[in-house]
2 protein chains.
Amino acid sequence: MSARDKAISSTLGYALLGLLAREERSGYDLTQALKNPVGYFWFAQHSQVYPELARLETAGLVAHTLIEQADRPDKKVYRLTDMGRAALSAWLNADTELPRKRDELVLKAYSIWLADPAAAARMMREHAQTHAAHLAEFQSGLSNLEGEAGAALWQPDSPWFGVHAVLRRGIGYEREYSEWCEWLAQCLEGTEKGSP
Amino acid sequence: MSARDKAISSTLGYALLGLLAREERSGYDLTQALKNPVGYFWFAQHSQVYPELARLETAGLVAHTLIEQADRPDKKVYRLTDMGRAALSAWLNADTELPRKRDELVLKAYSIWLADPAAAARMMREHAQTHAAHLAEFQSGLSNLEGEAGAALWQPDSPWFGVHAVLRRGIGYEREYSEWCEWLAQCLEGTEKGSP
DNA sequence: TGGGTATATGTCAAGATAGACCTATGTCTG
DNA sequence: CAGACATAGGTCTATCTTGACATATACCCA
């Protein structure tokens with residue numbers, strides 16, 4: 001407890017290290033990767049990514065090379081150092097705290113008895129569709145991955161396996177969310193559905 | 001767009017208003033309510049609750065009465081004002097943004113190909129058990145609610161309906177999460193399971 | 001008597017995050 | 001030709017959130 005165990009970075013830092021463990025990327029690329037569909041589990045703006053990369057570099061976990069480009073702005077391509085890889089491994093083995101869930105729609109559901117049922121049902125149905133769309137996206141992402149990665153999808157030491165795991169979580173999450181919205185919409189419309 | 005539409009409060013503010021719409025509570029009570037099991041959808045420390053209540057009161061959305069107690073410290077019991085109820089309704093009808101998911105365990109899953117499979121499998125199984133325990137909690141919560149609320153559970157204008165909706169979401173979420181952890185653990189152990 | 005827990009209300013500092021702002025270049029579209 | 005968009009890098013401010021610190025009473029248990 002005496003020394004600073006966390007030493008360097010926030011969870012965002014490990015997200016970036018996890019991406020760089022697969023391939024070298026610029027800050028811009030990292031920010032893109034932190035979006036749909038794989039990066040759905042952790043999001044950050046570029047205004048967070050650039051300072052975090054600087055911190056990681058100061059700590060010796062990543063290093064960059066300046067790439068001069070004629071047709072585009074120059075870029076800094078970052079790669080993982082040995083220390084960075086070690087830090088990533090240590091983090092993987094450390095205890096993981098439960099995420100604190102904060103979901104405004106569920107919060108609204110708690111007060112939905114104060115709302116107009118018809119309007120609320122419309123709202124829930126819209127969200128059901130949104131999550132169904134995400135579900136479809138993740139499902140097609142997994143299909144594409146199968147084509148790309150083949151059997152490596154199921155090998156726990158393959159980078160593809162990580163993508164596979166995350167996509168599967170996304171599929172389960174979005175399916176459940178969409179179904180819940182549908183269920184709630186049906187309740188609000190008075191067409192009762194099955195028991196809890 | 002000219003005027004400040006959000007006028008007053010953050011999402012936490014609406015969480016508090018939603019609780020106060022059901023019954024008067026002190027800041028301490030609100031903080032407790034923001035914990036298990038119903039408040040699993042939004043969490044805040046008391047250090048956030050007290051200042052937020054002060055802001056809500058300044059905005060005229062809540063009001064408090066000082067209750068002097070002999071056996072315990074005095075407390076301020078807050079109640080919703082008419083303006084507060086109106087603000088809550090307006091919020092319910094407004095668009096809801098998608099939550100930005102941040103889940104450290106899923107983030108680890110993305111890099112799990114770098115970890116020791118056996119250790120990772122143990123970790124995932126532990127999390128599976130944690131979520132299974134939450135699932136059981138929510139399920140028994142729903143059972144208790146059935147006894148307490150009866151048919152009101154299914155009436156969209158009853159406060160019980162809100163609790164019902166949230167619990168159902170919790171049940172679906174925890175079930176899915178637990179199953180995903182189990183699936184991942186099995187993959188890591190080499191005992192392959194069904195197709196995606 | 002000392003320590004832990006529950007009740008009750010707050011403040012403060014540090015860090016995380018969002019959203020706006022800023023500068024460039026090149027391409028594509030109306 | 002103007003404006004939008006993608007690429008590429010950054011800063012800055014305000015707010016959100018956490019976790020520690022602070023204070024006080026009453027109860028229970030060793």
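**Entry 1: A:Tyr177 and its neighbours**

I started with A:Tyr177 in this predicted model and asked myself: is A:Tyr177 buried or exposed? A:Tyr177 counts as buried, because its relative accessibility is 0%.

Next I looked up A:Tyr173, which is buried too, with a relative accessible area of 7%. I then checked how the two rings meet. The ring centres of A:Tyr173 and A:Tyr177 lie 5.8 Å apart and the planes stand at 75°, so I noted the pair as edge-to-face.

Where do these two tyrosines sit along the chain? Both belong to helix α7 of chain A, which covers residues 159-188, and they are four residues apart in it, so about one helical turn separates them. I jotted down a reminder for myself: an α-helix has 3.6 residues a turn, so residues three or four places apart point the same way.

I also followed the ring pairs outward. They link A:Tyr173, A:Tyr177 and A:Trp180 with B:Tyr173, B:Tyr177 and B:Trp180 into a cluster, with members from chain A and from chain B.

**Entry 2: more rings, and charges over them**

How many aromatic pairs does the structure hold over all chains? I found 15. One of them joins A:Tyr40 and A:Phe41: the centres are 6.1 Å apart and the planes meet at 80°, so this pair is edge-to-face. I looked up burial for both partners. A:Phe41 is buried at 5% relative accessibility, and A:Tyr40 is buried with a relative accessible area of 11%.

Then I searched for charges sitting over rings. A:Tyr177 came up again: the charged end of B:Arg169 sits over its ring, 4.0 Å from the centre. I noted a second case at A:Tyr110, where the charged end of B:Arg22 sits over the ring at 3.7 Å from the centre. In each case the arginine is in chain B and the ring is in chain A.

**Entry 3: cysteines**

I counted disulfides over all chains and got zero. For my own notes: a disulfide is a covalent bond between the sulfur atoms of two cysteines.

Why does A:Cys181 form no such bond? The closest cysteine sulfur belongs to A:Cys187 and is 12 Å away, which is too far for a bond. I checked burial as well, and A:Cys181 is buried at 0% relative accessibility.

In chain B I looked at B:Cys187, which is in no disulfide; its nearest cysteine sulfur is that of B:Cys181, 12 Å away. B:Cys187 is buried, with a relative accessible area of 1%.

**Entry 4: a helix in chain B**

I turned to helix α1 of chain B, residues 11-20. How many of its ten residues are buried? Ten of the ten are, so the helix is largely enclosed by the rest of the structure. Among the buried residues I listed B:Tyr14, B:Leu16, B:Gly18 and B:Leu20.

**Entry 5: DNA strand C**

Now for the DNA. Which residues are closest to strand C? Of the 21 residues that surround this strand, the closest are A:Ser47, B:Tyr28, B:His46, B:Lys76 and B:Arg100. I sorted the surrounding residues by type and got four nonpolar, nine polar and eight charged.

I asked which part of the strand the protein meets. Among the strand C atoms within 4 Å of the protein, 64% belong to sugar or phosphate, and the rest belong to bases.

I then looked up single contacts:

- The side chain of A:Ser47 has an N or O atom 2.7 Å from a base oxygen of strand C.
- B:His46 brings a polar side-chain atom to 2.6 Å from a base oxygen of strand C.
- B:Tyr28 places a polar side-chain atom 2.8 Å from a phosphate oxygen of strand C.

The elements that each supply at least two residues here are α3 (46-58) of chain A, and α2 (27-33), α3 (46-58) and β3 (75-80) of chain B.

**Entry 6: DNA strand D**

I repeated the search for strand D, which 22 residues surround. The closest are A:Tyr28, A:His46, A:Lys76, A:Arg100 and B:Asp71. By type, the residues divide into five nonpolar, nine polar and eight charged. Sugar or phosphate accounts for 62% of the strand D atoms within 4 Å of the protein, and bases for the rest.

My contact list for strand D:

- A:Lys76 has a side-chain N or O atom 2.5 Å from a phosphate oxygen.
- A:Arg102 has a polar side-chain atom 3.0 Å from a phosphate oxygen.
- B:Ser47 has a polar side-chain atom 2.9 Å from a base oxygen.

Two or more residues come from each of α2 (27-33), α3 and β3 (75-80) of chain A, and α3 of chain B.

Conventions. Residues are numbered from 1 along each chain as its sequence is written. Chains are lettered from A and ligands numbered from 1 in the order in which they are written. This is a predicted model: local features need pLDDT of at least 70, side-chain atom pairs count only at pLDDT 80 or more; totals for chains, interfaces and linings use all residues. Side-chain values use heavy atoms; hydrogens and water are left out. A residue is near a molecule or strand if one of its heavy atoms lies within 4 Å of it. A polar contact is a pair of N or O atoms within 3.5 Å; within protein, one must be able to donate a hydrogen and the other to accept it, and residues adjacent in sequence count only if both atoms are side-chain atoms. Ala, Val, Leu, Ile, Met, Phe, Trp, Tyr, Cys and Pro count as nonpolar, Asp, Glu, Lys and Arg as charged, and the others, Gly among them, as polar. Rings of Phe, Tyr and Trp (its six-membered ring) pair if their centres lie within 6.5 Å; planes under 30 degrees apart count as stacked, over 60 as edge-to-face and the rest as tilted. Buried means under 20% relative accessible area, exposed over 50%, partly exposed in between (1.4 Å probe, protein chains only). A charge sits over a ring if NZ of Lys or CZ of Arg is within 6 Å of the ring centre and within 35 degrees of the ring normal. A disulfide is a pair of cysteine sulfur atoms within 2.5 Å.
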